[in-house]
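Dear colleague,

I am handing over the structure below, and after it I set out what was found in it. Please read the notes with the coordinates open beside you.

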Amino acid sequence: MATIPLTKRGAELLKAELHRLKTVERPWVINAISEARAQGDLSENAEYEAAKDKQGFIEGRILEVEGKLAVGQVIDPSTLNAGGRIVFGATVDLEEEETGDAVTYQIVGEDEADIKFGRISVGSPIARALIGKEAGDVAVVNAPGGAKNYEIIEVRYT
């Protein structure tokens, strides 16, 4: 499995999720299975089936998060010296050329992406168009509604 880039924040979020899954979710579902078993006939016990399904999801997510943490490469943007180029972890101020709308994005890993908070996945079309460019360049993003041009105003490593 290839390495997965993670920001410091993203690695901490995954560690917190893993801790919650192991210390809260797993014990809760084990208890739910025990209570459902105590009700008797398991062949037609909806609570038992639901708890077993939930257990399968929790155990699968634990394995997934542990795997991501095992192959994750934590990148601290504040220690980067990319010479003004946009790289993973960089925060970028952009201006859409046609409308003049200003936006700010941080390029992060897949698990930490959240457009509401200005965090976009390194694999997203806009991030792919931005990587390697620097302030003053124009990035052409092929969006579903057609190509959009974004002028790069500033690149920060925070």
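Which residue in β7 does Asn 142 stand opposite? The residue is Ala 147, and please keep in mind, here and in everything that follows, that the model is predicted.

**The sheet**

That pair belongs to the contact between β6 and β7, two strands that run antiparallel and are joined by six bridges, with β7 covering residues 146–156. The two strands form a hairpin, with two residues between them, and another of their pairings sets Ala 139 against its bridge partner Tyr 150 in β7.

The hairpin strands take their place in an open sheet of five strands, whose order is β5-β4-β3-β7-β6 and whose pairing is mixed. Because β5 (119–121) and β6 (138–143) stand at the edges and each has a single partner strand, one side of each is left without a neighbour in the sheet. From one strand to the next, the twist averages 45°.

**A buried acid in β3**

Strand β3 (residues 91–96) contains Glu 96, which may interest you when you consider the charges, since this residue is buried and yet has no salt bridge. Its nearest side chain of opposite charge is that of Lys 148, at 5.2 Å, whereas the cut-off for a salt bridge is 4 Å from nitrogen to carboxyl oxygen. Leaving aside residues up to four places away in sequence, Glu 96 touches Asp 101, Lys 148, Asn 149 and Tyr 150; Tyr 150 is also the bridge partner of Ala 139.

**Helix α2**

Helix α2 (residues 46–71) has 26 residues and reaches 38 Å from its first C-alpha to its last, which is close to the 38 Å expected at 1.5 Å a residue. Its buried residues are Tyr 48, Ala 51, Ile 58, Arg 61, Ile 62, Val 65, Lys 68 and Val 71, and they pack against β1 (4–7), α1 (8–37) and β2 (72–75).

**Salt bridges**

Across the whole structure, a search finds 12 salt bridges. In one of them, Lys 22 is joined to Glu 66, with the closest N and O atoms 2.7 Å apart; because Lys 22 lies in helix α1 and Glu 66 in helix α2, the pair ties together parts that are 44 residues apart in sequence. Lys 22 is partly exposed at 34% relative accessibility, and Glu 66 is likewise partly exposed, at 30%.

Glu 25 and Arg 20 also meet through their side chains in a salt bridge, at 3.3 Å from N to O, and Arg 20 is partly exposed, its relative accessible area being 36%.

Within helix α2, Glu 64 forms a salt bridge with Arg 61, where the closest N and O atoms are 3.2 Å apart. Since these two are three residues apart in the helix, about one helical turn separates them. An α-helix has 3.6 residues a turn, so residues three or four places apart point the same way. The surroundings of the two partners can be told apart by accessibility, as Glu 64 is partly exposed with a relative accessible area of 37%, whereas Arg 61 is buried at 16%. Both take part in a network of salt bridges that links Glu 17, Arg 61, Glu 64, Lys 68 and Asp 111, and of these Arg 61 and Lys 68 are among the buried residues of α2.

With best regards

Methods: Residues are numbered from 1 along each chain as its sequence is written. This is a predicted model: local features need pLDDT of at least 70, side-chain atom pairs count only at pLDDT 80 or more; totals for chains, interfaces and linings use all residues. Side-chain values use heavy atoms; hydrogens and water are left out. Two strands pair if DSSP finds at least two bridges between them. Helices (H or I, at least four residues) and strands (E, at least two) are DSSP runs, numbered from the N terminus. Axes are lines fitted to C-alpha atoms, for helices over the stretch in contact, and angles run from 0 to 180 degrees between N-to-C directions. The expected span of a helix is 1.5 Å times one less than its number of residues. Buried means under 20% relative accessible area, exposed over 50%, partly exposed in between (1.4 Å probe, protein chains only). Contact means heavy atoms within 4.5 Å. Lys and Arg count as positive and Asp and Glu as negative; His and the chain ends are not counted.
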